[in-house]
Amino acid sequence: MQGRREIIFDTETTGMDADHVKHPDKIVEIGCVEVVNFIRTGREFHCYINPERDVPEEVVRIHGLTGAFLSKYPPFRDPSIVDGFLAFVGDADLVAHNASFDMRFINAELTRLGRPGIAPYAASKGAVRMLTRGMCADWAKLGLQVNAIAPGYFATEMNRALVDDPAFSDWVG
């Protein structure tokens, strides 16, 4: 196969929070289409996934996939799902209209399985979580509340001078 290979994909999930510590939302459907040089090849990968948790009614109203329907399918950890998806994708570039959302869920599922190649994502998520917890413990006695949103930072009026400083932005970037 000659040319640029890309996988256009989308996911459906049980909600928005892939990284919730006790009750993470999970992927319930993955759909992929292979393109080479921007032309569909006819190869596709599609699967429904048992999230092994409830699917909230407000989410069912969006994608129509109920827990009862999904309970008939294997969970993400099943080789037919995880290995099938990874083999289909291979080393292709991934393209999605909401890529940060979809990739966060794919990476979270792979992290829970301890799959090879996921260490940087897992380390960064764990580091931010533990740093935030440590800061909470240290600063609570001062009446300070600590929250974290990761990865990256958001430009606000409070940090505008730092964001506008190339030395800072290049270091963070």
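What share of the contacts in the chain with a separation of 6 or more comes from residues 24 or more positions apart? The share is 59%. Keep that figure in mind while walking along the chain. The model is a predicted one.

Start with the overall layout. The chain has seven helices and four strands. Read from the N terminus, the order of elements is β-β-β-α-α-α-β-α-α-α-α. The chain holds 173 residues, and 34% of them count as buried.

Now go to the loop between β2 and β3. Strand β2 covers residues 27-36, strand β3 covers 39-48, and N37 sits in the loop between them. F38 lies in that loop too. Look at the backbone here. N37 is not a glycine, yet its phi is positive, about 55°. F38 is not a glycine either, and its phi is also positive, at about 70°. How much of each residue is accessible? N37 is partly exposed, with a relative accessible area of 42%. F38 is exposed, and its relative accessible area is 67%.

Next, turn to the cysteines. How many disulfides does a search of the whole structure find? The search finds zero. Take C32 and C47. The cysteine sulfur closest to that of C32 belongs to C47, and the distance is 7.7 Å. A disulfide needs the two sulfur atoms within 2.5 Å. The sulfur atoms of C32 and C47 are therefore too far apart for a bond. Seen from the other end, C47 is in no disulfide, and its nearest cysteine sulfur is that of C32. Are these cysteines buried or exposed? C32 is buried, with a relative accessible area of 3%. C47 is buried as well, at 8%.

Move on to helix α3, residues 79-89. Which of its residues are buried? They are I81, V82, F85, F88 and V89. These residues lie on the same side of α3, because they cover an arc of only 140° around the axis. The other side of the helix has P79 and A87, which are exposed. What covers the buried residues of α3? The cover includes the strands β1, β2, β3 and β4, the last of these being residues 93-95. Helix α4 is also part of that cover. Just after α3 comes G90. Its phi is positive, near 55°.

Finally, consider open space in the model. Rolling a probe the size of a water molecule over the atoms shows where empty space is left. The second largest pocket holds about 240 Å³ of space. Its lining is made of 13 residues. Nearest the centre of this pocket are T11, E12, T13, M16 and F101. Which elements each supply at least two residues of the lining? They are β1 (5-13), α1 (57-63) and α4 (99-113). Strand β1 gives the largest share, four residues. The lining is mixed in character: four residues are nonpolar, six are polar and three are charged.

Two elements link the last two stops. Strand β1 and helix α4 help to cover the buried residues of α3. Both β1 and α4 also supply residues to the lining of the second largest pocket.

Notes. Residues numbered from 1 in each chain as written. Predicted model: local features only at pLDDT ≥ 70, side-chain atom pairs only at ≥ 80, totals over all residues. Heavy atoms only, no water. Buried < 20%, exposed > 50% of the residue type's maximum accessible area, 1.4 Å probe, protein only. 1 Å grid on protein atoms, 1.4 Å probe; cavity = no way out; pocket = protein on both sides within 12 Å on 5 of 7 lines; lining within 4 Å. Points joined across faces, edges and corners; volume = space filled by probe spheres on them. Nonpolar A, V, L, I, M, F, W, Y, C, P; charged D, E, K, R; others polar. Arc of directions from axis to C-beta. Contact = heavy atoms within 4.5 Å.
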